[in-house]
Structure formats: C-alpha cells, structure tokens
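Dear colleague,

I am handing over the structure we spoke about, and it is shown just below. My notes on what was found follow after it, and I would be grateful if you could read them with the structure open.

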Amino acid sequence: MKKWSSAWTRMALSYGSIVIIIVLLVCSFFYIYFSRSYNEELQNKNQLILDNTVRTIEETVLQRVQQIYLDLSLDKSADIRLFAKPSAQSSLDSVIDLQELLKSKVAGNSDLIQSIHLYYPKQNIMLSSLYGLRYNADQGEGAASYADWLGSMRTSRQNSLWTSTRKVPLDIFSSLADDNGNALFTYAHSYPIQSSGKTGDVIIAIDVKESAVSNIIENMMPSQFTSTFIVNPSGRTISNAHKILLGQKGGYDASITKALASGSPKGSFDDKIGDTPFVVSYQTLPATGWTIYSAMPASYYYEQSIMVQKLILGICLIAIVIGLALSAVLVKANYRPIKRLVDRIRDTSGPVPNHIKNEYRLIDHSFIQLSNKVSNLEETLLANSPAIKHKAVLKLLLGGNNQSQWAEELPALGIAQQYNNYCCLLLSTGAAHTGLSPDNQPAILSRLIHGLESLSLKDSRLIAEELPDKKLAVILCTDMASEAHLDKLTQLLLSEAREHLHPDIRLSSGCWVQDLADVHRSFNEAQALMKYAYFLPELDILKDSSILQREHNLDEIPQAMLAKFRDKLHARQTEEAVATAQQLIDKMRQGPYPADYCHFMLANLVFIYSDVVKNVRYKHPLQFGHPDLYHEYINLHNILTYREWLVESVTAFIEQTEKRNSERAVSTIELAKQYIEENLAEDLSLEAVAAKVFISPKYMSKLFKEELSVTYTEYITSRRMERAKELIENNNMTVERIASSVGYGTTAYFIKRFKEVYGCTPGHYLRNIASAGLPEPDLKVRKVTG
C-alpha cells in the first residue's frame, strides 16, 4: 500500500484541516463578539463604579450630615431655641452650653464638617461653633462667608437647602478666600423640622468640607478623578479635582448641559469635547439633586479592546497548536485499532491483493468475504433455534430487555407479532417426585411443550419452555385478556400436563401485563404463588393474588413453640410433641406467614428433632435412602406429607427410645448412683442428674422407685447424711464446711436435716465422739420424706 494513500495520512490531513477550520471560525466569532461586547462591558463597568460612588457619597457624607442635624434637633442637653423665646432671658451659661454642644458635634465629625451655625431670623442673632455669638449677623465683614445660605433660607418656603461650593475664608473676621483650595458647601435646615426657612424659629447650618466628597471620588474612581465633577442643577461645580473651578462652569459645559437636559437620573452617551471623543456617564445624587458627571476618553476603551484582540489572536495560535497536537494523538489512537484489524486480516487471509491501495479497501474486501461466511452460518443458527429460543425465553422471564429491544427478538421467541396482553403460567412438573426415569423425562417434556405451542387458539399464542428448576413456564400471548379465557386455558394446561406426566402437577398464574418487556412481573408473581403450593396442597391452581400479601408480612411464630417441641421430645412425651408439631403446621397453613419463613420454621423443626436423635445416639430407620433427616424432609412434596412423616418418625423414635431405656435401666441407675457419689456437693436435682445419664427426669424417678424401693429425694438425702457422718467422724471440720461439702447451701437447713435423720444435731454428735471413754452413740437412720 502506498504511503500517501494510506489511512494514517488521510486521517492526519482530515483532523488537521478540521482543527484549523474550527479554531479559525471560533476565534473569528469571539473576535467579533468581544470587540463589540467588551466596549459595552467597560461602559457598564464604568457606570457601575459611578453607581457605587454615588451610593458611597450619599451614605458617608450627605446622609451623615442630615443625621447630625437630626441629632442636634433631638438633643435635650441644650436648648436650641434659646434666643427664639421672647419671654426668656438667655443666660451666659446657656449660651456657653449650646456653643459647646455645637463644638462637640464638629469635633466628633471633623473629617466631614467645618462648623455648625444656629441662626435666629427674627432676632438676627447667630451662634456658631466657629464665629461664636453674633448680633446683627447679616452685617459685618465675616457675613459674606455665610450670606448665601442665610439669605436663601430667610425667604425660602422649603425647610432645607444645599448651597453651592465656596472657598474657606482666611479667618473668621475676613471674607477673603484661602488660597490653599479648601472649599465648603452648606446644608441648612429650619427648626422646628416641619417649618419652612421663612417661618422657622431657628436655621441650623452645617458647613461640609468639599474634600470629603472629592476624596471619595479619588478613591473609588482614581483613573477618572480629574474628569469627574459634581454640578448643581444650574451647572455650577460642587466638587472638582481642579479646585480653582469650584463654584464655576468648566470646559465641559456643553456635555454637562446635555446631561442635565436629558431629564434622566442616570445614563451615558458619546460626545466630543474639543477635538477628542469622550464617553460621558452621569448620575443624580437623590439627596441634593446634584449630578455627578464623568468623562472618559474613548481611546481608553479602544486600547482595552486592542489588548483583547491580541489576547484572542494568541489564544487562536495556541488553540491551533494544541488542536494539531491532539489531532496527532487522535490519529494515533484511532489508527491503532485499524492497524490491529489490518494485521489480523493479514494474519488470517494471507497476502494482500495487488488492487488494494489502502487499509480501508482491505477491510472492505475482508467484510465481503465475511458476509459470505455469515450466510453459511445462518443455516447452522436455524438448527440451533431451540437453544436460542430457550435463552430468549429465560431472558424475557428475568426482564433482560426493554420494549423496543424485544420487538427485534420476536422471531427468537417464535411469535410473529406483538399482542395486547400477556400472562405467565407456571407448572410444577414434580420432577423431584415423579416416577419418570431421567432418560424419558426430557423427551416427555419436549412433547408436552410442542403440544402446547401447537394448540390452535383464537387471537392467542402459547410460548412454553422448561426452566432450570424443572418447572414449566407457559406465556399466554393474547389480544383479549379475560379471566374466563384464562380459567379455561389453565384447566386445559393442567389436564395436558397431568396426562403426560403425573396427577400431582400444580399450576400458578401471574398477573396480566400489556408489554412484552413486563412479562417478568407476571412470572415473578406466578413464582411467588407457586411457593405456597407446598402449604396449600388442596389447591390445584394458585391464582388468588391475596395470597401474596403473606410475602410482605413480618409476623413471626413464637419461638416458645419450637422450645416446647424440643422439651417434649426430651421428655419423651409423644402426644404432647406431636400436638405441638401439629399446632405449628396449622399456624403455617392458616396464618399470614411468608412461604420462605414457613420453610425455615419446618427446617428448624427437623433440626431440633435431629439434634435430639443424635443426643441419645438413636439410629433412625431410613425412609428415602438418606441417613440425614434433613434429606428426608426435602424429599417431601407438600406439608401434609411432611406432617405424616414427622408424626410417624417422632412416634417411632420415642417408642424405640423408651424400649431401649428399659433394657438399660439397671446400668442407668448405676451410672446415676456413681455420679451422685462423686458430686454430692453439686446440684443433684432430678433434672440435672437425668440430663447427665441421658434419660428424662420422670423416667429416672420411676427407675429409682422401682429398682431401689426409695424415692430419688430420699436416696440423695441418705447419701448426703452418710457422707456428713463420715466427715464428722474422720475429719476436723466445722459444721459449716461439712454442710457445704455435702451440697447444703445453708448450715441451718443441714442441721435440721441431720437431726431429722439421726435424731441429734451434728454438734451434739461431734461432742459425744470427742468425750473420752464414751462409746459412739448408736445412730439409726430414720426414714425422712421430702
């Protein structure tokens, strides 16, 4: 194959071209989009900065000044209306207190205000934190520095005003301005609050430093500080970086006039100032009615845009490089499976024909050969259709595909179309219990399946298949879902199955479903119902869905019943053990318990029975050829058979055990007596000793009475007393230790029993032995009961 016509070369050229075209298109789009939107973004950003600046000025300067006025108005420490009261005489102390209040407010806000004045229009008196007390306040040299607000408020019908900016005087007695560029503007408000300037008793005037506003503008808009102004509605400058222009109209008059004439509280527009294009933004300060005006050269935005364009170009080049690198990786990755496929074809097909120029033609040639082989395999698949159908049915019952996937697999199921309704029926073929030989059973089931699928049913079709657990699943596909139709079909299936196999076959039916993909739901319900066939052998057909309510029940059979069954087996009480087992079986048949739980309880009964059998070393007769009771149990095909087997087995076990025990009675008595002699200090209750020699307490009591002519209790008491007497005679032990050594927990009870048996207390008996020269007393054992 030629190098330049190979698949690798073509893939590399294709990927490289696609990468370059896509990158160029994307970068072109971003170039056009960002060139336009970036300018808008910068303008929006500039407007946002202006919004934040206005809000900061409002909150930190204007609202704060208004709050100072409110604090003074509401302050009760000094009388603001001191000179406005016609009948009152103003004492020097009152004046001093009021001035001190003004000075304290100025000192507390020195970063914001220069001074505070109280002017009494009717008396023409002014008390100032800066000028002190002035009579005829509107006269004199210093009056010019506050004449703007004083004159305006005298005649104003409003209750407040903000003045234009003015220069700070050199001193309190001069009207000449300071050359340092310091400036003030005044907030004046009448008092009382609701009165106008014309009718108010007092005018409170607060001189605000213009630097407080300009510092905010400089901090928040450093790059635009020199071209940002605050102007009043007449166009005069309130705040300006160029202090010399304060209170005047600057070189931006036309733009400022345009912004003021717009009538909008904020906005932006393009304008030419001189020969330079600018982008102008403005916004109104709500508290004063002033407008903040900012002009930014348009070149600023273009410079930023050029940076973005360079950035996009750089990204474009990087993207091309990365794209080509990724293309090389993808070419290598995508060519690898092609190369492996080509190598595999060469290994299996031999030399490449001369007319094949590249890998694609070789693959195409191989597929043609492969299709010829596939055609030959179709006949083989037809021969294996039963196995394919078996797999498809199992997959359907387990819920393997969705509806669209099953539509493609209808031929594998042996049906030509989809039906409106489906129902799954389950037949227990009784494979474990039938008398059919293993060689004949597959052939008989195959004939039964073929017969069922060959039945001619109107608008219906049957699909039958043997399951791994030897049950027979039958899927009814029909266009008419009716219970009568289903009942008729189940009777037909049951009769056919019993005819071919045996009469003990049972049948369960699941719910109706509308989609083939949901058949597994019907199958699961039929399976769940079939579990109850073991407990309801009187029902040939299980279709009552109410039975399934038992599956979700969490009730349990009391464990005390199992314990009672175990106790009755140990006690060899045949009737009671059988009655307890019968009661348990009736609860399982009639109660709301799940089938799996009931099987668990039946197995527990068998295990309990098996443990008892093993404990007494009883060799159980084989019924089904298995030495294990559990294997006998699992071969029982319903609970009635189980009950018969359990009753017969338990009865035979107890009878054989009792018979064997009678033959071993003598040896058992000897074992019991030996154990008693060796363990007089231990628990020698009838139950404890009977358990040690593997017989029931009742039977052991009977043996003692028959073999020794004494009761068990009498024998134990006599042996303990004999041992106690020996210990008293031969050992230097206290009465307490002797009582403990022969199994008595309390000394008092031991003494009582000893006296009942020998007629004297242990102490008296001990003293008689210890007395020198005295013969041992003649003690005769009395018969003591209890």
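**Salt bridges and helix contacts**

With a relative accessibility of 25%, E677 counts as partly exposed. Please keep in mind throughout that this is a predicted model. The side chain of E677 meets that of R719 in a salt bridge, with N to O at 2.4 Å. This pair links distant parts of the chain, since E677 sits in helix 19 and R719 in helix 22, with their positions 42 residues apart in the numbering. R719 is likewise partly exposed, its relative accessible area being 23%.

Helix 19, which covers residues 665-678, also holds both E670 and K673, three residues apart, or about one turn of the helix. These two form a salt bridge in which the closest N and O atoms are 3.9 Å apart, a value to be read against the cut-off of 4 Å that the definition of a salt bridge uses. E670 is partly exposed at a relative accessible area of 44%, and K673 is also partly exposed, at 21% relative accessibility, where the buried class would require a value under 20%.

Helix 22, the one that carries R719, spans residues 712-730, and its axis comes within 11 Å of the axis of helix 24, residues 747-758, the two crossing at roughly 95°. Angles of 65 to 115 degrees count as roughly perpendicular, and helix 22 and helix 24 are therefore roughly perpendicular to each other. On the side of helix 22 the contact is made by T717, M721, E722, A724, K725 and I728, which meet F750, R753, F754, V757 and Y758 of helix 24. The residues of this contact divide into seven nonpolar, one polar and three charged.

In total the structure holds 19 salt bridges. As general background, side chains of opposite charge can pair when their charged atoms come close. Beyond the pairs described above, R81, K122 and D201 are linked in a network of salt bridges, and the side chains of K471 and D469 meet in a salt bridge with N to O at 3.5 Å. Both partners of that last pair are partly exposed, K471 at 23% relative accessibility and D469 at 40%.

**Backbone points to check**

Most residues other than glycine have a negative phi, and most peptide bonds are trans. Against that background, three places in the backbone may deserve a look.

K470 has a positive phi of about 70° although it is not a glycine. The residue lies in the loop between strand 14 (460-466) and strand 15 (471-478), and at 41% relative accessibility K470 counts as partly exposed.

N136, also not a glycine, has a positive phi near 50°. Its place is the loop between strand 3 (132-135) and helix 3 (147-155), and with a relative accessibility of 44% N136 counts as partly exposed.

Finally, Y191 and P192 are joined by a cis peptide bond, with omega at about 5°. P192 is found in the loop that runs between strand 6 (183-191) and strand 7 (202-209).

With best regards

Key
Residues numbered from 1 in each chain as written. Predicted model: local features only at pLDDT ≥ 70, side-chain atom pairs only at ≥ 80, totals over all residues. Heavy atoms only, no water. Axes fitted to C-alpha atoms, helices over the stretch in contact; angles between N-to-C directions. Helix = DSSP H or I, 4+ residues; strand = E, 2+ residues; numbered from the N terminus. Parallel < 35°, antiparallel > 145°, perpendicular 65-115°, else oblique. Contact = heavy atoms within 4.5 Å. Nonpolar A, V, L, I, M, F, W, Y, C, P; charged D, E, K, R; others polar. Buried < 20%, exposed > 50% of the residue type's maximum accessible area, 1.4 Å probe, protein only.
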